[in-house]
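Reader: I'd like to learn how to read charged pairs and buried spots in a model like this one. Can you walk me through it?

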There are 2 protein chains.
Amino acid sequence: MQTVVPFDAVSPKTRLGPVLAAHERARFARAMLADVLAAVVATGREPTVLSTSPISFEGELEAASPNTTIRVDDRPLTEAIDAVLEREGGPVAVVMADLALATPGALEALFSADGDVVLAPGRGGGTNALVVRDDSFRVDFHGASYLDHRRIADDVGASLETVDSFRLGTDVDEPADLVEVLVHGTGRSVDCLRSLGFELERTGGRVDVTRLEESTRGGRE
Amino acid sequence: MQTVVPFDAVSPKTRLGPVLAAHERARFARAMLADVLAAVVATGREPTVLSTSPISFEGELEAASPNTTIRVDDRPLTEAIDAVLEREGGPVAVVMADLALATPGALEALFSADGDVVLAPGRGGGTNALVVRDDSFRVDFHGASYLDHRRIADDVGASLETVDSFRLGTDVDEPADLVEVLVHGTGRSVDCLRSLGFELERTGGRVDVTRLEESTRGGRE
């Protein structure tokens, strides 16, 4: 099964702007991509990165997934994924590049679930990963994509399943999402955040993230 | 296995104050409790509600779970649950009352997972449900309870497992969480929200909730 990981190489993770500078967001986005690719590889698949612009695929990316195919498509996500679906014929899996908590087990549950269309919902009505086995299904990532994908599957007569996964349901978009990486992450993404000075702030109530000044980080970077 | 559902009957869901009046929060909290109890019952278990004050167990609650035991304990959550663990001996499951998306399948995955301690993580480092099969384990729901429960299990030499569930990971605390109920809910909780005028607002970008003025609701309440 073709496994596609869409990646915004131009301006990744802009909503993390309040806590990360642009070059830090780029680094963190690559760390999350590496974690996702490594998890895909651990399920026995060779991922294709669908990038909005050419990327340097070396270092942690190459280490995570040596046989990755890079394909560049600068169109919006929906159009780029639909082009893959039209071109491929046969099952296609799509896994977002910011699923920093993805594990091989969670992905295998997605890949092996029955259904012409299998959705892994994200928070806020999103779709964080999906498998498409129906040639007439097309995606729609604008707005409440989970509801739209259900409707589209229904429209084309495709059977639909969902996978119930906290790990696949956690896409990392906003500063509050960094808590999830620090609590549950085990790979390059959490290492990256720690090296950038992030740690959990546990004040007795809710858990938050805090960022240490560079001078106090003790040379961890 | 004793299955305990702690319920704050005194001032439930205060963080929903910006969008729901106190009597509406009480009604919504009971609807969520009914959904959780129904899901527990569907796994073949008879739940115990551990309530902070006496509650009227009629209407949708009785319909959802006719054989529920009500036990009143006005102590804070940690102390009340620890008292159950001390008293019971043998496996105890704890399921929070605001898991409006809980399904029998998701709960069964929790109940049947191996491990002296089994945790269902919630967002923000929380613990939304757990199973305790080790007599020396005690809970700590202050702050980052997921990390604390891991540590406590380690301290007492209990094996620990986690269940990976978006549904169990979604506790409904804040206005933004209502989106999840409207998107994924199928029971009394979503019916309650709709009758209170809530619906999804789909503006093309992120999904949000909106609340209709009572005069425009068309008698749905």
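Author: Let's go through the salt bridges, then one helix residue.

Author: Some ground rules: this is a predicted model, where local features need pLDDT of at least 70, side-chain atom pairs count only at pLDDT 80 or more, and totals for chains, interfaces and linings use all residues. Residues are numbered from 1 along each chain as its sequence is written, chains are lettered from A and ligands numbered from 1 in the order in which they are written, and side-chain values use heavy atoms, with hydrogens and water left out.

Reader: Fine. How many salt bridges are there over all chains?

Author: The general idea is that side chains of opposite charge can pair when their charged atoms come close. The cut-off here is a side-chain nitrogen of Lys or Arg within 4 Å of a carboxyl oxygen of Asp or Glu. Searching the whole structure on that basis gives 28.

Reader: Which residue forms a salt bridge with A:Arg45?

Author: That's A:Glu108, with the closest N and O atoms 3.2 Å apart. A:Arg45 sits in the loop between α1 (22-42) and β2 (47-51) of chain A, and A:Glu108 in helix α4 (residues 104-112), so the pair ties together parts 63 residues apart in sequence. Helices (H or I, at least four residues) and strands (E, at least two) are DSSP runs, numbered from the N terminus.

Reader: Is A:Arg45 buried or exposed?

Author: Buried means under 20% relative accessible area, exposed over 50%, and partly exposed in between, with a 1.4 Å probe and protein chains only. A:Arg45 is buried at 18%, while A:Glu108 is partly exposed at 30%.

Reader: And what does A:Arg138 pair with?

Author: A:Glu86, at 3.4 Å from N to O. A:Arg138 lies in the loop between β6 (127-132) and α5 (145-155) of chain A and A:Glu86 in helix α3 (residues 77-88), so parts 52 residues apart in sequence are tied together. A:Arg138 is partly exposed at 24%, and A:Glu86 is exposed at 54%.

Reader: Where does B:Ala34 sit, for the buried-spot part?

Author: B:Ala34 is in helix α1 of chain B, and is buried with a relative accessible area of 0%. Taking contact as heavy atoms within 4.5 Å, B:Ala34 touches B:Glu60, B:Leu61, B:Ala64 and B:Arg188, not counting residues up to four places away in sequence. The C-alpha atoms of B:Ala34 and B:Leu61 are 5.0 Å apart, though 27 residues separate them along the chain.
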